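User: Please take a close look at the part of this model where the ligand sits. I would like a connected account of its contacts and of the parts of the protein around it.

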Amino acid sequence: MKILLDTANLEDIKYFNTYYPIEGVTTNPTILSAEGGDVIALLMQIREIIGKDKELHVQVTEEDFDRIMLEAKALVSLLGNNTVIKVPVGDVGLKVTKALSSEGYKVTVTAILTGAQAMLASNAGATYVAPYVSRLENICDDGVRCVKDIAKIFEVSKSNTKILAASFKTAREVLDVAIEGAQCATVSSSVMHRLLAHTTTDTSIEGFKKDWLGAFGNTTLLELINLRNK
Ligand code: G3P
């Protein structure tokens with residue numbers, strides 16, 4: 001499962017883009033509001049950091065069909081072809097998805113909470129649907145089950161739409177949607193750290209260091225090879 005980063009924080013984007021295998025960055029109005037300031041400059045900086053080949057998902061803020069179409073096209077001209085337009089699911093959202101996808105734009109239909117919504121979004125031509133896993137878990141529903149249902153629906157209908165699972169509070173939820181068939185997930189910085197961290201990994205690495213030091217001191221393999229080649 002491919003992983004995207006769900007933040008607009010420039011330091012986090014620089015860090016994860018350097019060290020982690022992220023496929024892109026996703027934003028929404030809440031995420032952009034958290035950073036504040038000049039939001040257009042911020043989006044352009046994100047594009048500069050991740051480069052032109054990675055996906056940058058940006059959600060529309062207009063509400064009327066014609067204005068959303070103008071906004072979507074302006075975003076793609078500003079931020080490049082690998083900009084994916086996020087549209088909240090709903091009647092206008094479906095109309096926008098049909099129109100943008102028929103013109104070759106990539107669309108993520110977001111705020112998906114049911115398999116039925118995902119099915120309609122896919123039929124409208126969505127590139128991705130973004131089911132909100134934790135928001136379902138928080139209302140005693142089953143976010144992972146929702147992703148599983150969508151994966152089954154898309155498999156049966158041979159849909160080309162991909163699942164971009166979103167809204168995670170735990171690393172376990174991310175793992176579970178990977179197991180249940182999501183092709184992509186977008187993950188906050190804190191959950192991303194938790195996907196990698198493990199205390200037993202830390203103690204294992206400490207053990208390697210201690211054993212090496214005991215046997216060979218501070219000399220590294222590279223230094224030993226260089227010595228031999230002299
Ligand atoms: O990508 C959508 C996501 O940002 C929503 O997450 O944590 O606000 O439920 P959250």
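Analyst: In this predicted model, a polar atom in the side chain of N28 is 3.2 Å from an oxygen atom of the ligand. D6 makes a similar approach: an N or O atom of its side chain lies 2.6 Å from a ligand oxygen atom. For R135, the corresponding separation between a side-chain N or O atom and an oxygen atom of the ligand is 2.7 Å. Taken alone, the ligand would expose 300 Å², and the protein buries 83% of that area.

The surroundings of the ligand comprise D6, N28 and I31, together with K86, Y132, R135, A166, S167, K169 and T186.

Several elements that contain or adjoin these residues also meet helix 9, which spans residues 171–179. The buried residues of this helix are A171, E173, V174 and V177. They lie on the same side of helix 9 because the arc they cover around the axis is only 160°. Their packing partners include strand 1 (2–6), helix 7 (133–137) and strand 8 (184–187). Helix 8 (143–156), strand 7 (162–165) and helix 10 (189–196) are also packed against by these buried residues. After helix 9 comes G181, with a positive phi near 110°.

On the scale of the chain, the domain assignment gives domain 1 as 2–197 and domain 2 as 199–230. The centres of the two domains, taken over C-alpha atoms, are 42 Å apart.

Notes:
Residues numbered from 1 in each chain as written. Predicted model: local features only at pLDDT ≥ 70, side-chain atom pairs only at ≥ 80, totals over all residues. Heavy atoms only, no water. Buried < 20%, exposed > 50% of the residue type's maximum accessible area, 1.4 Å probe, protein only. Helix = DSSP H or I, 4+ residues; strand = E, 2+ residues; numbered from the N terminus. Arc of directions from axis to C-beta. Contact = heavy atoms within 4.5 Å. Domains from an automatic or database assignment. Near = heavy atom within 4 Å. Polar contact = N/O pair within 3.5 Å; in protein donor to acceptor, adjacent residues only side chain to side chain. Areas by Shrake-Rupley, 256 points an atom, 1.4 Å probe, with all protein chains shown as cover.
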